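Hi,

Here is the structure I said I'd pass on. Have a look at it first, and then read on for what turned up in it.

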Amino acid sequence: MHIITLTTQKGGAGKTTLATALAVAAQEAGETAVMLDLDPQRSLLTWAETRTGDAPHVEAFPADKIAQLPTMVRRLASSFSVAILDTAGADNTATHKAMEAATLCVVPLRPTRLDVNAVRPTVQAILRGGTPFAFVLNQCPPQPNNSRAAEMAAGLAAIGSLAEPIIIQRADYQDAYAVGQGVTEYAPNGKAADEARRLWRWVAKQSKGTAS
Ligand SMILES: Nc1ncnc2c1ncn2[C@@H]1O[C@H](COP(=O)(O)OP(=O)(O)OP(=O)(O)O)[C@@H](O)[C@H]1O
Ligand SMILES: [Mg+2]
């Protein structure tokens, strides 16, 4: 089972947005996806409430039950091939447990110095737990040949693995969330949908080595 944890202490980097895009893209690629919302903000559950249709299945994960997370994820493996865990933008026990349970941690960040600085404690925590991880550059400016994003991409690739493709700031991501869809459902032929499908393929390939 692929267990993908979206994590960074930096708020607003795109954890929930990419979680929904990835889960729906995975489902469309033939996987059976389940999502766990570990964020008290409940952004993922709100998306699921707006959504019509059953898949991907979305569950809350109460903070007081966090010790049971590994057991619950093992139980889910009998019914689902992919679990996507959305965490809060905070350094807390739930986030650490979700990082440890993952086959791959996905760390979104925007291409700014503030975001790069803010991601350090998250990377240190992941490294302590020993889970493989990858950065995803998100909300990149749409200009072609954007030198800032390219510089950032090169710097991040030197620290750790950088997922492909980089994700551009596009209204489709915001509009898809608002109607409870993934971008691949909202605008299947759009550029955001293409990014989401490619990102899922990249993430699945990276996670494969550690998935059981
Ligand atoms: N690629 C993108 N293009 C356009 N807007 C985006 C993109 N990614 C995220 N956003 C927007 O950025 C904001 C923050 O995204 P999101 O809520 O997914 O981040 P988060 O990391 O889950 O935040 P939090 O830490 O609060 O849980 C939202 O308004 C979302 O619509
Ligand atoms: Mg969120």
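A polar contact here is a pair of N or O atoms within 3.5 Å. Keep that cut-off in mind for the ligand, and remember that this is a predicted model.

With that in hand, start at ligand 1. A polar side-chain atom of Asn138 sits 2.9 Å from one of the ligand's nitrogen atoms, so the pair falls inside the 3.5 Å limit. The protein covers 80% of the 630 Å² of accessible area that ligand 1 has on its own. Two glycines join in through their backbones: an N or O atom of Gly12 is 3.0 Å from an oxygen atom of ligand 1, and Gly14 also has a backbone N or O atom 3.0 Å from a ligand oxygen. Which residues come nearest to ligand 1? Out of 18 residues around the ligand, they are Lys15, Thr16, Thr17, Asn138 and Gln174.

Gln174 brings us to helix H8, which covers residues 171-178. Asp172, Tyr173 and Ala176 are the buried residues of this helix. They span an arc of only 100° around the axis, which puts them on the same side of H8. Gln174 and Ala178 are on the other side, and both are exposed. (That label counts protein chains only as cover, so the ligand is ignored when Gln174 is called exposed.) What do the buried residues of H8 pack against? Their partners are four helices: H1 (15-28), H2 (43-50), H9 (183-186) and H10 (191-208). After H8 comes Gly180, with a positive phi near 70°.

Helix H6 (residues 120-129) can be read in the same way. Its buried residues are Thr122, Val123, Ala125 and Ile126. Looking down the axis of H6, you find them within an arc of 160°, so they line one face of the helix. Leu127 and Arg128 are exposed, on the face turned away from that buried side. The buried residues of H6 pack against helix H4 (93-101) and two strands, S5 (104-109) and S6 (133-137). Here too a glycine follows the helix: Gly130, whose phi is positive, near 85°.

Now for the charged pairs. How many salt bridges does a search of the whole structure find? It finds five, and here are some of them.

- Glu185 and Arg51 meet through their side chains, 2.9 Å from N to O. Glu185 belongs to helix H9 and Arg51 to the loop between H2 and strand S3 (57-60), so this pair ties together parts that are 134 residues apart in sequence. Glu185 counts as partly exposed at 28% relative accessibility, while Arg51 counts as buried at 11%.
- Arg42 pairs with Glu49, and their closest N and O atoms are 3.6 Å apart. Arg42 is partly exposed, at 38% relative accessibility, and Glu49 is exposed, with a relative accessible area of 55%.
- Arg110 and Asp115 form another salt bridge, at 3.0 Å from N to O. Asp115 is buried, with a relative accessible area of 4%.

If you want a route through the model, try going from Asn138 at the ligand to Gln174, then along H8 to the helices its buried residues pack against, H9 among them. From there, Glu185 in H9 takes you across to Arg51.

Have fun with it!

Definitions and conventions
Residues are numbered from 1 along each chain as its sequence is written. Chains are lettered from A and ligands numbered from 1 in the order in which they are written. Side-chain values use heavy atoms; hydrogens and water are left out. Buried means under 20% relative accessible area, exposed over 50%, partly exposed in between (1.4 Å probe, protein chains only). The arc is that of the directions from the helix axis to the C-beta atoms. Contact means heavy atoms within 4.5 Å. A salt bridge is a side-chain nitrogen of Lys or Arg within 4 Å of a carboxyl oxygen of Asp or Glu. A residue is near a molecule or strand if one of its heavy atoms lies within 4 Å of it. A polar contact is a pair of N or O atoms within 3.5 Å; within protein, one must be able to donate a hydrogen and the other to accept it, and residues adjacent in sequence count only if both atoms are side-chain atoms. Accessible areas come from the Shrake-Rupley method with a 1.4 Å probe; for residues, only the protein chains shown count as cover.
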